[in-house]
Amino acid sequence: MSPMSSPIVALFLTFFLLLSAADAFNITKILGSFSDYSTFNDLLTQTGVASEINDKKSVTVLVVSNSQISGLSSQPKDTIKKMLSIHVVLDYYDKAKVDKVPSKPLTLTTLYQQSGKAQNQQGFLTMTRVGKQVSFGSAAPGSSRDSIFVKQVTTEPYDISVLEISNVINVAITSSPSYAPNASPPRKALAPGPNKSPLASPPKTTRSDIPAADAPSTTTDSDAPDNTSAASIASASAVLLIFASACFMLTMI
């Protein structure tokens with residue numbers, strides 16, 4: 001390697017880094033020049049959404065004024081991050097492009113769609129012309145589409161565009177249960193059967209509770225006829241009859 005090659009490589013790398021830094025943008029600094037969006041800007045920083053925006057190449061941020069975002073500020077941090085991510089479109093739209101939006105809805109992909117947590121089209125927006133106005137709304141079923149384009153705040157052509165909309169975009173909430181990390185699934189209770197409680201031991205049965213079975217009837221010695229006595233009586237009667245006959249025959253001689 002020639003002695004001149006190292007300085008040339010270092011100069012080339014420095015020039016490349018400066019060029020890359022010139023192309024980068026910082027949403028926090030951009031919004032810092034507009035006091036009307038200070039709350040929106042603070043929430044972007046607190047939730048980390050600002051860093052995600054800065055990593056993108058071409059985005060449109062739909063900002064809401066301080067007077068219209070107070071309701072969102074009181075929500076849990078995860079909810080705020082979700083809602084802010086829905087206000088970041090992964091494409092470049094300035095006023096010129098918005099003015100050309102047709103009456104047929106356009107589907108826009110948001111930063112929330114890239115999170116992998118979006119359900120039921122929650123990661124998409126629709127942009128539609130209604131008369132002279134252009135409205136934004138969530139593509140999730142049941143969501144209202146009443147966020148109206150107000151004005152273009154600022155742009156860095158084809159890199160980032162900041163547009164103001166009238167209010168926070170409404171997103172329909174699904175009925176699925178919220179996710180709780182490391183939580184054990186609820187145990188199912190056993191359905192009690194008739195006259196039984198779940199997991200109860202069967203009642204003990206006493207001898208008095210057992211109904212008497214239909215057993216064949218038996219007779220005791222006092223109830224059964226005495227066959228031996230009857231036979232003895234019959235034999236004695238026969239002997240007497242024979243003796244009487246013999247006596248009668250003797251009297252006839």
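Where is Gln114 placed? In this predicted model, Gln114 sits in the loop between S3 and S4. Beyond its neighbours up to four places away in sequence, Gln114 touches Lys56 and Leu90. Gln114 and Leu90 are 24 residues apart along the chain, and their C-alpha atoms are separated by 9.6 Å. This one loop residue offers a way into the fold, which can now be viewed as a whole.

The protein contains 8 helices and 7 strands. Its 253 residues include 27% that count as buried. If contacts between residues at least 6 apart in sequence are taken, 60% of them join residues at least 24 apart. The largest nonpolar core has 42 residues, and those with the most contacts inside it are Ile27, Phe40, Leu44, Ile53 and Phe136. A general tendency is worth recalling here: in soluble globular proteins, nonpolar side chains tend to be buried together.

Ile27 is a good place to look at this core. Setting aside neighbours within four places in sequence, Ile27 is in contact with Asn41, Leu44, Ala50, Ile53, Asn54, Val61, Ile160 and Val162. One of these partners, Asn41, is found in helix H3. Asn41 has a relative accessible area of 7% and is therefore buried, given that buried means under 20%. Its contacts, again without neighbours within four places, are Ile27, Thr28, Leu31 and Gly32. Between Asn41 and Thr28 there are 6.3 Å from C-alpha to C-alpha, and the two are 13 residues apart in sequence.

Helix H3 (residues 38-47) also leads to a second helix, H6. Two packed helices are described by the angle between their axes and the distance between the axes. The axes of H3 and H6 come within 10 Å and cross at roughly 115°. The two helices are therefore roughly perpendicular to each other, and their crossing is left-handed. Which residues of H3 and H6 meet? On the H3 side they are Phe40, Leu43, Leu44, Gln46 and Thr47, and on the H6 side Lys77, Ile80, Lys81 and Leu84. Sorted by class, this contact has 5 nonpolar, 2 polar and 2 charged residues. Two of the H3 residues, Phe40 and Leu44, return here from the list of residues with the most contacts inside the largest nonpolar core.

Helix H6 itself repays a closer look. Its buried residues are Ile80, Lys82, Met83, Leu84, Ser85 and Ile86. The cover over these residues includes H3, helix H4 (49-54), helix H5 (70-73), strand S2 (88-89) and strand S4 (124-130). Lys82, placed in helix H6 (residues 77-86), touches Tyr112 and Gln122 when residues up to four places away are not counted. Lys82 and Gln122 are 40 residues apart in sequence, yet 9.8 Å apart in space, C-alpha to C-alpha.

Is Ile86 buried or exposed? Ile86, also found in helix H6, has a relative accessible area of 0% and is buried. Without neighbours within four places in sequence, its contacts are Thr110, Tyr112, Gln122, Leu125 and Val171. Tyr112 and Gln122 are thus named for Ile86 as well as for Lys82. The C-alpha atoms of Ile86 and Gly137 are separated by 9.9 Å, with their positions 51 residues apart along the chain.

Among the strands, S5 (residues 133-138) holds Ser135. Ser135 counts as buried because its relative accessibility is 7%. Leaving aside neighbours within four places, Ser135 is in contact with Thr126, Met127, Thr128, Val130, Arg145, Ser147 and Ile148.

The loops bring the description back to where it began. Asn120 is found in the loop between strand S3 (106-109) and S4. Its phi is near 50°, a positive value in a residue other than glycine. With a relative accessible area of 48%, Asn120 is partly exposed. Tyr158 lies in the loop between strand S6 (147-156) and strand S7 (160-165). Tyr158 likewise has a positive phi, near 70°, and is not glycine. At 65% relative accessibility, Tyr158 counts as exposed.

Definitions and conventions
Residues are numbered from 1 along each chain as its sequence is written. This is a predicted model: local features need pLDDT of at least 70, side-chain atom pairs count only at pLDDT 80 or more; totals for chains, interfaces and linings use all residues. Side-chain values use heavy atoms; hydrogens and water are left out. Helices (H or I, at least four residues) and strands (E, at least two) are DSSP runs, numbered from the N terminus. Contact means heavy atoms within 4.5 Å. A nonpolar core is a set of buried Ala, Val, Leu, Ile, Met, Phe, Trp, Tyr and Cys residues joined through side-chain atoms within 4.5 Å. Buried means under 20% relative accessible area, exposed over 50%, partly exposed in between (1.4 Å probe, protein chains only). Axes are lines fitted to C-alpha atoms, for helices over the stretch in contact, and angles run from 0 to 180 degrees between N-to-C directions. Angles under 35 degrees count as roughly parallel, over 145 as roughly antiparallel, 65 to 115 as roughly perpendicular and the rest as oblique. A crossing is left-handed if the near helix is turned anticlockwise from the far one by less than a right angle, and right-handed if clockwise. Ala, Val, Leu, Ile, Met, Phe, Trp, Tyr, Cys and Pro count as nonpolar, Asp, Glu, Lys and Arg as charged, and the others, Gly among them, as polar.
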